[in-house]
Amino acid sequence: MNVFMTGATGFVGRHILKKLMEQGHTVKCLVRPDSAPRLPQSPQVMAIPGNIHDPSTFESALGGSDGVIHLVGIISEVGENTFYRVHTRGAMNLVDAMCRQGVRRLVHMSALGTRPGANSQYHQSKYDAEVYLCSHFLDFTVFRPSVIHGPDGEFTQLLKQFATLPFFPVLGDGKGLLQPVYVEDVATVFVSALTKPESVGRVYPLGGPKAYTIEAMVEVMARAMGRSPGRPMHIPLWLMNLQAAAMETIFPVLGQAPILNTDQLVMAQEDNVCDSSEAQTLFGTPFVDFEEAVRRYMSRVSS
Ligand SMILES: NC(=O)c1ccc[n+]([C@@H]2O[C@H](COP(=O)([O-])OP(=O)(O)OC[C@H]3O[C@@H](n4cnc5c(N)ncnc54)[C@H](OP(=O)(O)O)[C@@H]3O)[C@@H](O)[C@H]2O)c1
């Protein structure tokens, strides 16, 4: 297939692109010019330098594509990359360009927790994108994953850092649940969806087999490293909010996205869990257990 892809240089994108290449697809990747060198050198991969904010940079490259995988997303706002502009407006730009080019198949990355009236701007902007693409008569499939883990993922790297500390920070009472899903499983369902007509018009939540608190995940990491976990240090929400607000003021001045923001803290107060049996059945992929995956890839997690 001729696939057009966005977000190929990101954590999830790298794994999806690898799988697409293994399966013999040719892939045009929309990449910001500075990121283009991070794409693999292969006759199957073509860089389309551009930006999701500017459809004129990618519209003609969409022509003739059999399917589109849209992953572009941010967890923190900086400059022109706001949640609305990247998630909602960006998806609108892509969908409009697809319609003009007569491309119908779209496999779209959303996020678990996305819903009308969401508490966070991240989830609300993802929901608004879903509404737009659902109303454009495309052959869409939407995936909504909980947190995604893998050896090269920032979340996993953070857990590893926490696992080496005598005390690690935990928001509030630390009872919030996440359902980590392995990046290889996410890549499998995205690539399979392209050739599964049964998935057209469907929205799939994705979560691993079990839900964990942050403390439990740090313990899994520590055990995989052959050490005892440190102790959780419960930080009250107001203090975390103060830190996030300070970062949101300082980092943009330096042209950087804050490493912690208040929107993330809003999301962290919600459980992020789901039933992903429907996706596992349709795509024939029993999702890998978090502990099992961590044991497999622990030696490859960079600090
Ligand atoms: N990681 C998770 O736990 C998780 C969970 C649920 C949903 N998601 C969603 O999955 C998607 C991928 O996440 P990820 O963890 O792989 O994120 P990531 O590593 O930060 O990758 C984001 C990708 O988007 C690209 N991008 C950002 N702004 C862009 C713009 N204005 N124009 C073109 N490209 C742009 C980045 O390009 P550069 O290389 O140029 O920066 C990068 O390729 C996102 O939509 C995210 O919301 C992630």
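Valine 12 counts as buried in this predicted model, because 21 C-beta neighbours lie inside 10 Å and the threshold for burial is 20 or more. Valine 12 belongs to helix α1. Not counting residues up to four places away in sequence, valine 12 touches Leu71, Ile148, Val183 and Val186. One of these contacts spans a long stretch of chain: valine 12 and isoleucine 148 are 136 residues apart in sequence, yet their C-alpha atoms are 8.1 Å apart in space.

## Helix α1 and the ligand

Helix α1 covers residues 11–22. The buried residues of α1 are Val12, Gly13, His15, Ile16, Leu17 and Leu20. Their cover includes the strands β1, β2, β4 (67–70) and β7 (148–149), together with helix α6 (183–193). Just after α1 comes glycine 24, which takes a positive phi of about 85°.

The same helix also takes part in the surroundings of the ligand. Which residues are closest to the ligand? They are Thr9, Gly10, Val12, Ser35 and Gly73, within a shell of 25 residues. Helix α1 supplies the largest share of this shell, three residues. By class, the shell holds 14 nonpolar, ten polar and one charged residues.

Helix α8 (residues 237–253) can be set beside α1 in terms of length. In both helices the span from the first C-alpha to the last is close to the value expected at 1.5 Å a residue.

| Helix | Number of residues | Span, first to last C-alpha | Expected span |
|---|---|---|---|
| α1 | twelve residues | 17 Å | 16 Å |
| α8 | 17 residues | 25 Å | 24 Å |

Helix α8 is followed by glycine 255, whose phi is positive, near 75°.

## The parallel sheet

Seven strands form an open sheet, with parallel pairing, in the order β3-β2-β1-β4-β5-β6-β10. At its edges stand β3 (45–49) and β10 (202–206), each of which pairs on one side only. Neighbouring strands of the sheet are turned against each other by 20° on average, direction ignored.

Strand β1 (residues 2–6) pairs with β2 in the parallel sense over five bridges. Within this pair, threonine 6 stands opposite leucine 30 of β2. Strand β2 (residues 26–31) is largely enclosed by the rest of the structure, because five of its six residues are buried.

Elsewhere in the sheet, strand β5 (residues 105–109) runs parallel to strand β6 (residues 139–145), and five bridges join the two. Histidine 108 has valine 142 in β6 as its bridge partner. Leucine 106 also has its place in β5. Is leucine 106 buried or exposed? It counts as buried, because 25 C-beta neighbours lie inside 10 Å, where 20 or more are required. Leaving aside neighbours within four places in sequence, leucine 106 is in contact with Val68, His70, Met98, Leu133, Leu138, Asp139 and Phe140. By contrast with these contacts, the C-alpha atoms of leucine 106 and glutamine 269 are separated by 31 Å, with their positions 163 residues apart along the chain.

## A second strand pair

Strand β8 (residues 167–171) runs parallel to strand β11 (residues 231–235), to which five bridges join it. In this pairing, leucine 171 stands opposite isoleucine 235 of β11. The side chains of β8 alternate along the strand. Phe168 and Val170 point to one face and are buried, whereas Phe167, Pro169 and Leu171 point to the other face and are not.

## Two less buried positions

Valine 86 lies in helix α3 (residues 83–101). It is classed as partly exposed, because 19 other C-beta atoms lie within 10 Å, and burial calls for 20 or more. Apart from neighbours within four places in sequence, valine 86 is in contact with Ile52, Val72, Gly73, Ile74 and Asn81. Leucine 158, 72 residues away along the chain, has its C-alpha atom 25 Å from that of valine 86.

Phenylalanine 137 is found in the loop between α4 (121–134) and β6. Phenylalanine 137 counts as exposed, because it has 9 C-beta neighbours inside 10 Å and the exposed class extends to 12 or fewer. Its backbone has a positive phi of about 55°, although the residue is not a glycine.

Methods. Residues numbered from 1 in each chain as written. Predicted model: local features only at pLDDT ≥ 70, side-chain atom pairs only at ≥ 80, totals over all residues. Pairing = 2+ DSSP bridges. Helix = DSSP H or I, 4+ residues; strand = E, 2+ residues; numbered from the N terminus. Axes fitted to C-alpha atoms, helices over the stretch in contact; angles between N-to-C directions. Near = placed C-beta within 6 Å. Nonpolar A, V, L, I, M, F, W, Y, C, P; charged D, E, K, R; others polar. Expected span 1.5 Å × (residues − 1). Contact = placed C-beta atoms within 7 Å.
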